[in-house]
Amino acid sequence: MAKAPPGQWIPHVEAFVDVSHSPAQHSASVDALAALVNKDKLTLLDLVLKMDLYLTTTDHIVRSRGILLLGEILSRLPLKKLHVNDISTLSDFFISRLSDWHALRGALVGCLALLHRKQTVGSIIIADVKRLLKAFLQNVQVQSLAAADRKLCFQILNYILDHYPEAAKTMGDDLMYGICEAIDEEKDPECLKLSFHLVGAVMKLFPEPSGLAAQYASEVFEILSKYYPIYFTHGAGDDLDATRDDLSKALMHAFCSTPYFEPLAIPLLLDKLSSSLPLAKLDSLKYLGNCIHCYGADRMGRHATTIWSKLKEVIFNLSIDQSVSTSGSSKDMEKNKNQIVSEALTCLKTAITHMGPSDEDRLINLILLDEDVVSSIHSVSSEEASVLTSLQNPIQLHALGSVISILAESSAYFCTRVLQAHFARLVDNLEISAGREYQHLSNCSSPSSGAINYGALYLSVQMISSCREVALTCKGDFAPIKSAKESWWLILERKTDSLIHLLRSLLTIDFQSVQSAVRQEYVSCAVKGLTILATFPEPWSPLSANVYEDVLLTLTSVIMSKYKNVHLWRLSLKALTSIGSSIVEFHASQKENIYNKVVADKISSLDEPYDTSIPLNLRLEACYEVGTSGPNYMLRVAKSLEEAVVNGSIESTGYVVNLLECYCGRVLPWFFTFGGFNELALNFAMRLWDLIRDLAISDRIGSQGLPSSLMVGMKLLVGICTEEQQSLIVQKAYDTISSMLSLPVKSMMQHLLPVDEPGPLYSVRDTSLMCMLSSVIVGLRPQTPVPDMMVMISLFTVFLLKGHIPAAHALASIFNKNLHNPEFSPENKLDKVLDTILERCFSTIPLRSNTKISLSYVGRSDDANSSESLSGSIESKNDIISVLAWLGKGLLMRGDEKVKDVSMFLLKCLCSDQTLAGISSHQEEHDINDSSYASVATSAADAFFVMMSDSEVCLNKKFHARIKPLYKQRFFSILMPIFLSKIKESTVMTTRLVLYRAFGHIISNAPVPAVITEAHQILLVMVDSLAKLSQDIKDKDLVYSTLLVLSGMLMDEKGKECIVENIHIVIGVLTQLVSYPHMMVVRETALQCLVAMSSLPHSKIYRMRPQILQAAIKALDDKKRTVRHEAVRCRQTWQSFA
């Protein structure tokens, strides 16, 4: 390859060396030189030879710039293959330059670039790495450098220790001393983050007891301890690559890098637990947990007593009377307390997990026999404890329960010790308090003031929860634990029957005399206890089959009879769902049989539509939630719903509508996720057609809400099925429809209607049947064969020409998916059929052609037909435009060229008022109604929304539509020039408004990048459309969606450029929208846009400051809080401009 002449690249060297040039020019010079080297138009050797003067001159500035240039070029070539001799030469040069403090930055950049190179493209050798590190430690005084240079130093040291540890080891004491000197007194956040990592790396390099890590542990930790806890004073706008969390995590990893820090770190962390600063407490707890894990049980055992004492103080005392310093609100203070207690419990769990196995008895005695813990449990479980004393401080009670749970669930031994110490007495005292309550209820009409001991109840449930966790972790044979003397399982089993009786009774006691919150605590605790006992793995379950069945019966009876107690009802439903999920998880066959008999069969049974024992909406919710336990349960629910729909329809159509809404809105989406539903969907769809036939015969198919529910269900069912299954459904549907339609409609099914032939009349039953058939067609896959295609198309066309939208959905799906039949004759190919249908639709709305739009179908009607059309029904013409929109949508998504015909016809409808403006005399002659044209034009504008927006009812991936990639972008690109031209030419305001309406629908549904590409052409039109459309409340949704497009432009550099060029106009409209009365989100978004515009060039926006501030101040009085919040932000942002 030809080499670049010196005249081509030397100017770049001179430009970089010249300090008067800007940083951007310097960077461009480096990029240009690196590109030449990368393309082999310039070798590094030639570059070094030509730069000899710059690299060796006695002028410190020139020499430093030259060496920096060479280093920067090398850093831009990480993948450029270099010869080993070149690498060696460059290594010698940059290592030697480490002693040249004037040119140190260039040497650091070059050394780092050499270290980053991979072996496959030529890398520095180990010997040179050792020389580099030695020269660095001898010559570089890190803390005397600027922050950027110190960052380079830490990056070099970190890279060597991470990738060349053997080379680093050879430095011995020099390495440790050099690192201590480098990191001491560091204050820059980014450098600190690197220095903490550096400490961790070097301490792990010497793990031996007599190694350097042990020798230097005190010196290194003395430096680290100065930074603990991290105090971060930098603001969010300082653009740093390090946050407080990053620094804290890096320092924590440094603390945990070696066990030799243990004698120094643990006392420091325990001392900081007494701090009143929330962050200091949180950090101490996090660090302590990680240190316990890393230092090991042998070292941490000596601190066990102190650790427990400190953790106990945090867990119990913080929730009572100890406060934490915070400048925030009481809500922030509460949040800080909760975080600290939660972190303390996590730390306790870590301590028990890692320190317990080495000395089980000592650790459990330390906690379980602690005077405060024993005293708390005794006070809670005493016979005299009432609901009031148990709940005086629920947070402290929960803390006590959490400590007991963490201890018990750590191991089977710990669990046994906890239950031996407290469980039997808690349950006994609970029985005593419950006995007093039952006795009082038998003598009085209201509960006693003492009620059942909540504290004993809560702690008992916590303990059985721990037992379940132990059972889940136990592997292998469980017989030894069951047979062991006084094991946790035997203790639990002995008390299970009485505990179950207590928990069940709590769901039946009337707590009217106690507060609602307290009553809910009792109920929640009882339901939780029943759920835990019922979800033990089957081999470990302490419940017999009869007791297990009793538990399920209790919860099921709540679902069926206590639905007025909403809290209890929802807890019970959640419990039954959890129990069902556990059966699926653990493959508990014996429990499954009981669950099916007691729960699934009873709750999912929907055979009685007039069963008033529970409201239908709650019954359906219960069915669905139980079904979510597993696929088999949901299958039961689906079959039950199917039977109820089929069998309950004649008696109550409203009942069926609710069933179908549950089936389609909840059950089917669940099966979409899990799959395996095809056969069930096929059977249900076939049975639905039998149901449709019966409803049609009894003239109930048109009942309110029933057709729409049946349509939604049918579409979803058909969409799930395979092609073979769909063919069976569509054949069944066709046979049903063809046998039940009225004779006038049947007579028109064999051919398409000629343009001049009126459509037949049809009944409400025909309409409903057609809706059902269209729902089948919408859900078909493209390759599914359709019987008698021409007959179907003719049938749908009959209804289409009456403006029936479901027929439009069906035909749009047919033409989009190009559905076919093997017997489809060549003369009736879909293209010809489509042409005929479009021609008939166009002729239904003949318009006077006085525009420059060229369209084969549009100009075929004469004045007489035009007059006749204008005198017809406005609603019928609007309906035809709506069906045309759906046909156009199907063609557009497929990428069919005929969508242009539909689009141009709609555009002609938009401009109809413009045509009338020039024919006033003719208007009088034919008595043309302006309102008719205005209504047609508005419908045409809305048609573009149908074509561009995503639809849930048809033509989507769920219903297997053909979707050509980037179809919206192409349609947008084709229509924009036409719309911009028409808007510019329009002189009638009504025409311009409907053009704006259509324009808004197109740009708001087009991909934002495509719109931004044309921002320079459409921005002014878009802003003007916002101003005009904001005057009518009917256009409020369109105003909002168009405003979102404008906000998207503000997020893009090209969009910002266009906005800056028209800043006065844009801000003028946005300040008007700040007071938009019809939609709160428009005002909010307008203010957000004004805030975003503050980032535009200062010289362009400063003059607009008073206008924006005036609008923001006015918005401070807005009725909506979110708008006022954005107004405050906007005012503060713009007031900050000097």
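**Exercise 1. Describe how helices α12 and α13 pack in this predicted model, beginning with the handedness of their crossing.**

Let's take it step by step.

Step 1. Start with the handedness: α12 crosses α13 in a left-handed sense.

Step 2. Next, add the geometry. Helix α12 covers residues 189-205 and helix α13 covers residues 212-225; their axes lie 11 Å apart, at an angle of about 170°.

Step 3. Now turn the angle into a description. Angles over 145 degrees count as roughly antiparallel, and α12 and α13 are therefore roughly antiparallel to each other.

Step 4. Finally, look at who touches whom. From α12 come F196, V199 and M203, and they meet A213, A217, V220 and L224 of α13. Sorted by class, this contact has seven nonpolar residues, with no polar and no charged ones.

**Exercise 2. Find which parts of the chain the salt bridge between R299 and E262 links, and decide whether each partner is buried or partly exposed.**

Step 1. Check the distance: the closest N and O atoms of R299 and E262 are 3.0 Å apart, and the cut-off for a salt bridge is 4 Å.

Step 2. Place the partners. R299 sits in helix α17 (residues 297-300) and E262 in helix α15 (residues 262-272), so far along the chain from each other that the pair, 37 residues apart, links distant parts of it.

Step 3. Compare the accessibilities with the cut-off: buried means under 20%. R299 has 24% relative accessibility and counts as partly exposed, while E262, at 0%, counts as buried.

**Exercise 3. Do the same for D372 and K312.**

Step 1. Their side chains meet in a salt bridge, at 2.9 Å from N to O.

Step 2. D372 belongs to helix α21 (residues 371-381) and K312 to helix α18 (residues 304-317), so this pair ties together parts 60 residues apart in sequence.

Step 3. With 45% relative accessibility D372 is partly exposed; K312, with 15%, is buried.

**Exercise 4. Work out how E469 and R468 pair, then widen the view to the whole structure.**

Step 1. E469 and R468 form a salt bridge whose closest N and O atoms are 3.9 Å apart, which can be set against the 4 Å cut-off.

Step 2. E469 is partly exposed, at 31% relative accessible area, and R468 counts as buried, at 16%.

Step 3. Now for networks: salt bridges link D184, E185, K187 and K226.

Step 4. To finish, the total: the structure holds 42 salt bridges.

How values were computed. Residues are numbered from 1 along each chain as its sequence is written. This is a predicted model: local features need pLDDT of at least 70, side-chain atom pairs count only at pLDDT 80 or more; totals for chains, interfaces and linings use all residues. Side-chain values use heavy atoms; hydrogens and water are left out. Axes are lines fitted to C-alpha atoms, for helices over the stretch in contact, and angles run from 0 to 180 degrees between N-to-C directions. Helices (H or I, at least four residues) and strands (E, at least two) are DSSP runs, numbered from the N terminus. Angles under 35 degrees count as roughly parallel, over 145 as roughly antiparallel, 65 to 115 as roughly perpendicular and the rest as oblique. A crossing is left-handed if the near helix is turned anticlockwise from the far one by less than a right angle, and right-handed if clockwise. Contact means heavy atoms within 4.5 Å. Ala, Val, Leu, Ile, Met, Phe, Trp, Tyr, Cys and Pro count as nonpolar, Asp, Glu, Lys and Arg as charged, and the others, Gly among them, as polar. Buried means under 20% relative accessible area, exposed over 50%, partly exposed in between (1.4 Å probe, protein chains only).
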